[in-house]
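Student: I've got a model open and want to know what justifies the labels people put on it. Can we go through them one by one?
Tutor: Sure, bring it up.

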Amino acid sequence: QGYGPVQDWLLFDKVAAAFQPDLVIIVAFVGNDAIEAADAAQTLDTGRPIEDAQPTVNQARRIVRSSVVLQYVRMRWDQLRGRIATGTPERPLVSYLADPPPVLHQGLDASRRAFGRIAERASGLGARTAIVLMPARFQTDDPDYGRLAEIVRQSGGVLVRNAATDRFRHALAPLRLPMLDLQPILAAQPDRIGLFFQRNVHLTPRGHEVVGAALFDFLEAGGLAGSAAR
């Protein structure tokens with residue numbers, strides 16, 4: 001919980017690489033990964049998680065994550081802080097603003113560097129790497145998008161529905177890795193509202209079926225399925 005691109009790199013480097021994978025699939029959640037990466041960017045240079053230098057903060061985070069009630073309080077606090085600082089109901093929504101703050105571009109750069117390190121490390125193990133772009137729920141849910149867009153509009157901003165996906169695609173293009181964008185696939189489904197649970201941002205069983213089929217087709221069409229089968 002709470003992992004972003006930088007933590008993905010650390011996990012792969014310190015743990016997953018030991019399993020000698022044949023194929024590595026990086027799933028970027030475009031809804032908040034840029035902000036997560038910006039917050040942890042310094043770790044790319046030091047190799048040391050920020051929490052290690054802040055044991056009190058780390059302990060507090062563990063306590064919060066162990067309690068559903070405290071997580072709900074934290075979520076409400078993050079929403080209030082995001083609305084004051086960015087004019088959005090949640091800080092990660094800056095990824096979709098027509099005129100985003102500099103922190104977004106810093107996060108996209110950190111994401112590219114983190115994913116690039118994963119691909120380089122994987123290549124050294126003889127593995128191929130691919131990237132999957134996972135959209136936020138409101139990118140396929142019309143009522144959800146309308147609600148968020150109105151909140152942002154009232155704060156003087158403009159919410160661009162697929163801006164985060166487009167920005168990630170552009171930022172990661174220099175890596176020249178096979179890339180699957182799930183947004184148009186999910187958007188083309190009937191009853192799009194049924195793809196995600198309404199109480200959270202997670203896929204429903206039907207959403208998982210759609211994504212699973214899309215991943216299979218992507219691996220097969222790109223010749224990556226053979227890598228996984230070796």
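Student: What makes the 41 residues a nonpolar core?
Tutor: In this predicted model, the label needs buried residues of nonpolar kinds, joined through side-chain atoms within 4.5 Å, so the 41 residues count as one core because they form such a set. Val24, Tyr96, Ile118, Leu133, Phe138, Leu159 and Phe168 touch the most other members. H6 (102-124) gives the most, with 8 residues.

Student: Which residues is Leu159 in contact with, leaving aside neighbours within four places in sequence?
Tutor: Leu93, Tyr96, Phe138, Tyr145, Leu148, Ala149 and Val152. Contact means heavy atoms within 4.5 Å, so each of these has to meet that cut-off with Leu159.

Student: And which residues does the second core include?
Tutor: Among its 16 residues are Leu23, Val132, Leu182 and Ala214, and this core is separate.

Student: How do you know that E1 and E2 pair?
Tutor: Pairing takes at least two bridges. E1 and E2 (residues 128-134) have 7, in the parallel sense, so they qualify. Ile25, for instance, stands opposite Ala130 in E2.

Student: Why are E1 and E3 called edge strands?
Tutor: The open sheet has the order E1-E2-E3. E1 (23-29) and E3 (179-181) each have a single partner strand, so one side of each lacks a neighbour in the sheet. Neighbouring strands are turned by 20 degrees against each other on average, direction ignored.

Student: Which helix packs on that sheet?
Tutor: H10 (residues 205-221), touching E1, E2 and E3; its direction makes about 150 degrees with that of E3.

Notes. Residues numbered from 1 in each chain as written. Predicted model: local features only at pLDDT ≥ 70, side-chain atom pairs only at ≥ 80, totals over all residues. Heavy atoms only, no water. Helix = DSSP H or I, 4+ residues; strand = E, 2+ residues; numbered from the N terminus. Axes fitted to C-alpha atoms, helices over the stretch in contact; angles between N-to-C directions. Buried < 20%, exposed > 50% of the residue type's maximum accessible area, 1.4 Å probe, protein only.
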